[in-house]
Structures are given as structure tokens and as C-alpha cells.
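Please read the following report alongside the sequence and the coordinates. It takes up a few loop positions, then helices and their packing, and then the nonpolar cores.

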Amino acid sequence: MPDVNVTSESRMLIDGKLVDGEAGTFINVNPANEEVLGEVADASRADMQRAIDAARRAFDETDWSTNGELRKRCLLQLHEAIEGELAELREELILEAGAPRAVTYGPQLDAPLEDGLKYPARLIDEFTWETDLGDKVVSVTGVNTRRKVWHEPVGVVGAIVPWNFPFEVTVNKLGPALAAGNTVVLKPAPNTPFNATRLGRLIAEKTDFPAGVVNVVTASDHFVGEELTISPKVDMISFTGSTVVGKRIMEKGAATMKRLFLELGGKSATIVLEDADFNTACLIGIGPLMHAGQGCAAPTRMLLPRSRYDEGVALLKALYENMRAADPQDPGTICGPVISGRQQARILGYIQRGVDEGATLLVGSTEAPKEFDKGFWVSPTLFTDVDNSMTIAQEEIFGPVLVVIPYEDEEDAIRIANDSVYGLAGNVMSSSLDRSLAVARRLRAGFIGLNGTAGYGADTPFGGYKDSGVGRQNGIVGFSQYTEVKSVAYPADERLREEQ
């Protein structure tokens, strides 16, 4: 571990002030060794309601929603402030999320920081806030009418963040929501609160954000976060997490017609076509080991042609036998601990279920690895002889588990890949780009990589079909979902006065 002094922030940010929680504090635990990292403010429902009220006032009573220059300045100030504490934030994520150090140099920290705030800040100037539809004689009135379409901010956004990639998700919610002119109440996961409270402190101390524009509320009780879903003062919920919770948010938010962005679960398939370079293609198989498989887009199903199935399995077996769950502080680690004892038990339960249903446990174990006295660990696990109807092929395990499924031909591979309630991501491996693109067109998923590539970035929409969610994170599509659309019409002969 580098010689970096990590001082975590225990207080929440409500209405521009760093405050304690009415419910006291709760502890934050390092999943690698179960050591207590510190305490953080535990919010009550009343605390959450105060944060909602503050966000409502900031939207309704300040010029935040209309002052693009202020919004841009604040976002860039926050980016600069984060970069000023980048070393501390990196260590904090390794400690509280169990994130492997190597992964923090990619999707856990450096990749989202690169443009997660700067890209939305640019969109303040570049987004098409107003579209002129021109003049038309409207048959209902017979009046020659000038018509325009305006994009305006939604209002108060409740941003609910998971524990697996907490900074990445947070920055990709805050960036577009704030740039679009909304105010935000951020609710981090109780397993990983410190990265969020750090942002709250930086906002309070290093930026010109008006009080109430951003609020950070930490709580051990998940029902405190549900106040966001049921409050009539909150206009939109932006949630990343499990499909089960996403459906509950849809149900609870219906009473107040909440606008929703839901980025939910996945069971992504990698189709390796028979013409692929198997030595390269099978490297995708270690994807579920990154951050111990705790990623919604992890490629957890690998589909191999029956004609080359044994060849592919042999390559995967050699890969998995040389992989270990290891200390996330080690720069060579990609598979660290899972987040909690509860999650560990859940994953091991799925592994046992796979054995019980007849899959071959080629590498791995139904028990936690013996080399760790403390912490929450699961060995890299490889299942073969899997039928797509098995539980381990259908349900999201959220652990370091790959299932390998044989297929007969291309049509069969596409059928199997689409035979899932999820549709978040997928991969296609082939020596022919045209063939890969043709297969990608037929996959019912929102994020497809060909031959090991991934289109991740603040300008790239990310999200899923079916039970994988509603809406998209990032890109123009993701930005526009934080806006409402208003059509405006007036007599065309008023145009000259308007233009003068």
C-alpha cells in the first residue's frame, strides 16, 4: 500500500452544510480483512426529508436551473477538487469497496473521472436546448403558427448508488443531472459511503455550488433511501442496482409519476463463433473475475461451438487454474474480495446450486478459500456442461463465476444468448467483422463489444433491454433523460418582434 494518509469524511452534506446523522453513526468495514475503517453519519428519515426540502428549494428558488455558466463552473471546480485528492480517493475505494488497485486505474476511478464531469459540462453549451420546427398553418385554428421545442430540467433527482462501482456510478449520475440544471439528493450504498461523503466535503469546501443543489445522505437503513421514491417533492429517480429493487422503485414511484432511469442486472453472454481465434477469444472468459465479478455487465455466460467446445474448455481451465482471489492492494490482482459476508454466502449458494443441478464444477469450490482467515472471499469458479435453463445460467450471481454453454450453430448461439430475462451487455468473437456485426444486430442487449472491445465513455449510452433497466447512462441520450420536453407555439406574425 502506498504511503497515502486516507482521512475519510464522516459527515453528510445537507443544504450546503456538513452535518451528523440523527440516527447516530454506522461502521464502514474493509471487505478484505473485516477491519473497521471508520464511522459515518447515519441518517434518519427526517434527515432525508430535510435534504429533499433543500434540493426542492434550490431548484425552485435559485437560478441554478437557468444559469449555465454557474453550472459549468461548479462541475469543473468539482473535477479539479477530485483530482486534488485522487491518491486518497484511490486508496479509499480499495479499502471500502475491495476494489483491486489495477481496476481503479480503469473503470473504478480513472476512466469515469476523465470525462464524467467534463463531458456534461461541455453539453451545457453544446446540447440542443431549443429546436425550431418552423411555421405551419395549424388546421385546428387556421393560424400560421411558429412552433418550438424546449428541453428543461426535470427538477429534483434522487440518485441511488450501488456498492460495486460507487464512484463511477456517482459521477455519471451527478454529471448529467447537474449539467442539465437539476438538483440532486445522492444516496450512496451503506457498504461504500466514504467516496460519496468525500465528494460532499469537496462540494462544500472547494466549489461554488449553491446550498441544496447537491445533498449527500448516508444511512444504514435502506428505507431511508425509499423516502426519495415516495416523496412528491422528488421528480426523478436515477437508480443503479438490482432488478428486484428497480421494480420496487417503479412500483413505489408510480403514485407520484416519478421519471425513472434504472440501470439494473445482467447475465451477459459472449458468443465465440467457430472462426474466432480461440486463444484470444477465451481471454474474455476472465471478465467475470474482475472485481470478483461484481459488475452488472460482466460476461458471465460463454457460448462455445460444440465443434470446438473441448478446445475452448481446455483454454479456460488453464486460465482459471492460474487465477486466485488475492489482496486488492497488490497491483497484479484482478479478483479481490466480495463486498460482504451476506454476498459471499449468496454466491457460494449459487455454486452449490450449479453442482446440484448437474453442471460440472471444473475449477473452484462450494466453500470459501482456506488461505484467508478474515474477509469475504470466493475462489474463481468455472462451470462447464451447463444448460442455459440452469439457475447459474439464468440468474445474476454477482460473483467470480463463469458458466460455459455449448451451441450447435450460429442460430442456436443467438437463441441462447437472447434466452434471458436480462439484456444489458454482450460480446461477439469472430475473425469476420461483418459476421460479428450481423450477430450483434440480433442480440437483445444494450451494450455489445466485438472482439474484446468496449465502447465505455461519458459520451457512450450504457443500459439494457428487458429486465436490465429503463433508460441509459451517459451520452446525449443519457443527458436528455434528465430533461423534460416542452412544446411551445405562438402566431408566426409575432416572429419579427421575437427576432428584434
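## Two aspartates in loops

Asp385 sits in the loop that runs between E15 and helix H14 (391-394). The model is a predicted one, and in it Asp385 has a positive phi of about 55 degrees although it is not a glycine. Most residues other than glycine have a negative phi. With a relative accessibility of 43%, Asp385 counts as partly exposed, because that value falls in the class between buried and exposed.

Asp15 offers a second case of a positive phi in a residue other than glycine, with a value near 55 degrees. Its place is the loop between strand E1 (12-14) and strand E2 (17-19), and Asp15 is partly exposed, with a relative accessible area of 27%.

## Two exposed loop positions

Pro232 belongs to the loop that connects helix H9 (222-230) with strand E10 (236-240), and its relative accessibility of 64% makes it exposed, since the cut-off for that class is over 50%. Once neighbours within four places in sequence are left aside, Pro232 is in contact with Thr256 and Lys258. Between Pro232 and Met257 the separation is 25 residues in sequence and 8.9 Å in space, taken from C-alpha to C-alpha.

Glu371 is located in the loop between strand E14 (360-363) and strand E15 (381-384), where a relative accessibility of 52% counts as exposed. Glu371 and Val244 are 127 residues apart in sequence, and their C-alpha atoms are 34 Å apart in space.

## Helix H2 and its partners

Helix H2 (residues 68-84) has 17 residues, and the distance from its first C-alpha to its last is 24 Å, close to the 24 Å expected at 1.5 Å a residue. Its buried residues are Gly68, Leu70, Arg71, Lys72, Cys74, Leu75, Gln77, Leu78, His79, Ala81 and Ile82. Against which helices do the buried residues of H2 pack? They pack against helix H3 (86-97), helix H5 (110-115), helix H6 (118-126), H7 and helix H8 (194-206).

Two packed helices are described by the angle between their axes and the distance between the axes. For H2 and H6, the axes come within 9 Å and cross at roughly 165 degrees, and the two helices are therefore roughly antiparallel to each other, as the angle is over 145 degrees. Their crossing is left-handed. On the H2 side the residues that meet H6 are Gly68, Glu69, Arg71, Lys72, Leu75, Leu76 and His79, and on the H6 side they are Lys118, Ala121, Ile124 and Asp125.

For H2 and H8, the axes come within 10 Å and cross at roughly 120 degrees, and these helices are therefore oblique to each other. The crossing of H2 and H8 is right-handed. Here Gln77, Leu78, Ala81 and Ile82 in H2 meet Leu199, Leu202, Ile203 and Lys206 in H8.

## Helices H7 and H8

Helix H7 (residues 166-179) has 14 residues, which should span 20 Å at 1.5 Å a residue, and its end C-alpha atoms are indeed 20 Å apart, so the two values agree. Because 14 of the 14 residues of H7 are buried, this helix is largely enclosed by the rest of the structure. After H7 comes Gly181, whose phi is positive, near 105 degrees.

Thr197 has its place in helix H8. Thr197 is buried, since its relative accessible area is 1% and the cut-off for that class is under 20%. Apart from neighbours within four places in sequence, Thr197 is in contact with Glu9, Arg11, Val40, Val216 and Thr218.

## Nonpolar cores

The largest nonpolar core has 55 residues, and those that touch the most other members are Ile271, Leu303, Leu304 and Val386. Strand E16 (residues 401-407) contributes the largest share of this core, namely six residues. A second, separate core has 49 residues, including Cys74, Ala81, Leu202 and Phe479.

What is Val386 in contact with, leaving aside its neighbours within four places in sequence? Its contacts are Ala359, Ile392, Ala393, Val403, Val404, Ile405 and Pro406.

Key:
Residues are numbered from 1 along each chain as its sequence is written. This is a predicted model: local features need pLDDT of at least 70, side-chain atom pairs count only at pLDDT 80 or more; totals for chains, interfaces and linings use all residues. Side-chain values use heavy atoms; hydrogens and water are left out. Helices (H or I, at least four residues) and strands (E, at least two) are DSSP runs, numbered from the N terminus. Buried means under 20% relative accessible area, exposed over 50%, partly exposed in between (1.4 Å probe, protein chains only). Contact means heavy atoms within 4.5 Å. The expected span of a helix is 1.5 Å times one less than its number of residues. A nonpolar core is a set of buried Ala, Val, Leu, Ile, Met, Phe, Trp, Tyr and Cys residues joined through side-chain atoms within 4.5 Å. Axes are lines fitted to C-alpha atoms, for helices over the stretch in contact, and angles run from 0 to 180 degrees between N-to-C directions. Angles under 35 degrees count as roughly parallel, over 145 as roughly antiparallel, 65 to 115 as roughly perpendicular and the rest as oblique. A crossing is left-handed if the near helix is turned anticlockwise from the far one by less than a right angle, and right-handed if clockwise.
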